[in-house]
Amino acid sequence: MTFFYEADDGMLMAGTSIGAKPNNRFLEAVKYELFVIIIFGAIFVACYLLLGDSSVPITQYKTSVARSLEFVTNSQGGGGGNFFDTSFLANMTSTEFDNQEYAGSPINVKNDIITVPVSIPTFLSGFMAFVGWFFFAVFGGIGLAAVPLDMILAFVNRPKRMDPAEFADKQIEVRNRTMELVDIGELLKIERDERVAAGNKGGLLSGLSKERREERSAFLEFKKAVYLLENDVEEFLASSANYEKYNPLLPWFSLLGGILSFVLSLAWIIQIVIYIAPKNPIHPFLNDYFQWFEGWFPLFGVLSVAIFTLYLLLCAVKGCFKFGIRFMAFQIHPMKVNKTYMSSFMFNVGLVLLCALPVVQFTVTAFPEYARYTNVVNVMGTQVQYLKFFSWFWKSKVFIYALLAITGLTTLYLICKPKDNDKKGSANANKGLLSRLRSKR
C-alpha cells in the first residue's frame, strides 16, 4: 500500500505522472513490492536455515534429597504414621538450597548451554526486531529529545497579534518566498520534461545515477521549503486574519504535553543509565514504581507501562520526521489534522510496525521484574535474546548505547539549533537552490 500511494511522487520524479493511466501507478507499486518481497524473503529463509537455533544458558543444581519422609501426626490426642511424597512440595528457594547444603547434603552446580530450535514466527520476531533496532536506535533517540522541545517551543512561539509594521514585513516575506518556490517548481518541472523528451524515463535502479541523486536532493529541498512555508503561512494567518478564531488554549495544552513528555524522556534516560546499561543494575527504578501498583490497583501499573511504551513509538515517528526535515535524507511525512496524505499515513504506520518489536524487546529488558513469568519474557527475553548471531548485539547492548548516545547528541544539537524554520536559513536555502537550478540552464 505504501508503494501504491508513493507511486505519484515516484512517477513525478521520473517525469511520467502527467497523462499517466490509473493502472500505471498500480504496476509501479507492484514492481517495487515484488522486489522487496523477493530480496527480504531470500535473506529471511537463509538466516532461518543457518541461525534458527537459540543457545540458552542454564544452571544445573544436583543434590541428594530423600524421596519420601515419614512423619507422625497427633490428631485428637491420637497418633499415626503417614508418608508424604516430596513431589507435592513447591520448588526450593535459594535459601532452602543453602540450608540443605549446611545440613550436610552437598550441591553440585553446573553451568551449561542448551540449544533449542525456535519456530518460524519466533525467529521472524527476532529477525524483525534486529532490523527494527537500526531505525529505533536512531529515530527513537532523536525523538526522546525532540518531542519535549518541540512541544515547549510551540508554546513559546505561539501566535501573537501583529502590529501594522510587523504585518507588512511578514506579508512581504511570505510573498517573496512563495515566488521563489514557484520559480523552483517550474525549473524542476522543465528539467524533468527535458529528460523525458530525451528518452530517459528511468528504471528500477535509475535513481542511483549522479544526475538522479542531484535531482532527488533538489526535489526534497523543494518539499521541505514548501512545508516550512505552509507552517509559516498558518502562523501568519493565526496572528492576523484568523486571530479571533484561534483557540488560545492550544499553546497551553502543548506546554502541558511538553512537560509530561520531558518527564517521560527523563525517566527513560534514567532507567537506561541506572538499570539497563550497567552490567549489574544500580536500582530497579521504574520496576519498583510499576510493582507498587500491584498491591492496591494493578490496572494503573498496566496503564503506566502502556504509556511508557507508546511514548517510545511516538518518539520514533517524531525522530524520523525531525531527521528528514533537518538532513533531507528522505521524504518527510508530516501528520496534520485534515491535512495528511494517505502516503504519509502508510509511511508512519509502517515505521510504527517496524519499531514495534524492538520497543517490545526494549521494554522487556527495562522492566523484567514487573513482567516476570509472562509469555513475552519467555519469547523476547529468552528465545529471541539468545538467538545465534543476534545474541551478541543483545548481550553487548550495542543498540542501547547507540540510543543513549544519539539522544545526548540530539539534545546538544537542538539546544544550539532548536528551530526547523529559521528565517535566515530558509531564505538562503531557497536562494541557493534557485541559483543551482538556474545555473544548469
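This is a short viewer tour of a predicted model, stop by stop.

**Whole chain**

Start with the full protein chain, coloured by secondary structure. It holds 14 helices and 4 strands. Of its 441 residues, 34% are buried. Now turn on contacts between residues at least 6 apart in sequence: 79% of them join residues at least 24 apart.

**The α4–α10 crossing**

Select helix α4, residues 120–156, and helix α10, residues 342–366. Their axes come within 7 Å and cross at roughly 100 degrees. The two helices are therefore roughly perpendicular to each other.

Show the side chains at the crossing. From α4, pick Ser-125, Met-128, Ala-129, Val-131, Gly-132, Trp-133, Phe-135, Phe-136 and Phe-139. From α10, pick Leu-351, Leu-354, Cys-355, Leu-357, Pro-358, Val-359, Gln-361 and Phe-362. By class, this contact has 14 nonpolar residues, 3 polar ones and no charged ones.

**The largest nonpolar core**

Next, select Phe-123, Trp-133, Phe-136, Trp-268, Phe-362, Phe-390 and Trp-394. Of the 50 residues in the largest nonpolar core, these touch the most other members. Which elements give two or more residues to this core? They are α2 (22–51), α4, α7 (249–276), α8 (286–294), α9 (298–327), α10, α12 (390–396) and α13 (398–416). Helix α4 gives the most, with 10 residues.

Centre on Phe-123. Beyond its neighbours within four places in sequence, Phe-123 is in contact with Phe-44, Cys-47, Tyr-48, Leu-51, Gly-52, Val-118, Leu-387 and Phe-390. Apart from the largest core lies another core, of 12 residues. To find this other core, select Val-174, Leu-188, Phe-222 and Ala-225, which are among its members.

**Ser-239**

Move to the loop between α6 (210–238) and α7, and pick Ser-239. Is Ser-239 buried or exposed? Its relative accessible area is 6%, so Ser-239 is buried. Add Lys-160 to the selection. The two residues are 79 apart in sequence, yet their C-alpha atoms are 5.2 Å apart in space. The Ser-239 side chain reaches the backbone oxygen of Lys-160 at 3.3 Å. Leaving aside neighbours within four places in sequence, Ser-239 is in contact with Pro-159, Lys-160, Arg-161 and Met-162.

**Thr-340**

Go to the loop between α9 and α10 and select Thr-340. Thr-340 has 17% relative accessibility, so it counts as buried. Which backbone oxygen lies 2.5 Å from a polar atom of the Thr-340 side chain? That of Lys-336. Setting aside neighbours within four places in sequence, Thr-340 is in contact with Pro-334, Met-335 and Phe-345.

**Two positive phi values**

Most residues other than glycine have a negative phi. The last two stops have positive values.

Select Phe-389, in the loop between α11 (375–383) and α12. Its phi is near 70 degrees. Phe-389 is partly exposed, with a relative accessible area of 48%.

Finish at Lys-397, in the loop between α12 and α13. Phi here is near 60 degrees, again a positive value in a residue other than glycine. Lys-397 is buried, at 19% relative accessible area; the cut-off for buried is under 20%.

Methods. Residues are numbered from 1 along each chain as its sequence is written. This is a predicted model: local features need pLDDT of at least 70, side-chain atom pairs count only at pLDDT 80 or more; totals for chains, interfaces and linings use all residues. Side-chain values use heavy atoms; hydrogens and water are left out. Axes are lines fitted to C-alpha atoms, for helices over the stretch in contact, and angles run from 0 to 180 degrees between N-to-C directions. Angles under 35 degrees count as roughly parallel, over 145 as roughly antiparallel, 65 to 115 as roughly perpendicular and the rest as oblique. Contact means heavy atoms within 4.5 Å. Ala, Val, Leu, Ile, Met, Phe, Trp, Tyr, Cys and Pro count as nonpolar, Asp, Glu, Lys and Arg as charged, and the others, Gly among them, as polar. A nonpolar core is a set of buried Ala, Val, Leu, Ile, Met, Phe, Trp, Tyr and Cys residues joined through side-chain atoms within 4.5 Å. Buried means under 20% relative accessible area, exposed over 50%, partly exposed in between (1.4 Å probe, protein chains only). A polar contact is a pair of N or O atoms within 3.5 Å; within protein, one must be able to donate a hydrogen and the other to accept it, and residues adjacent in sequence count only if both atoms are side-chain atoms.
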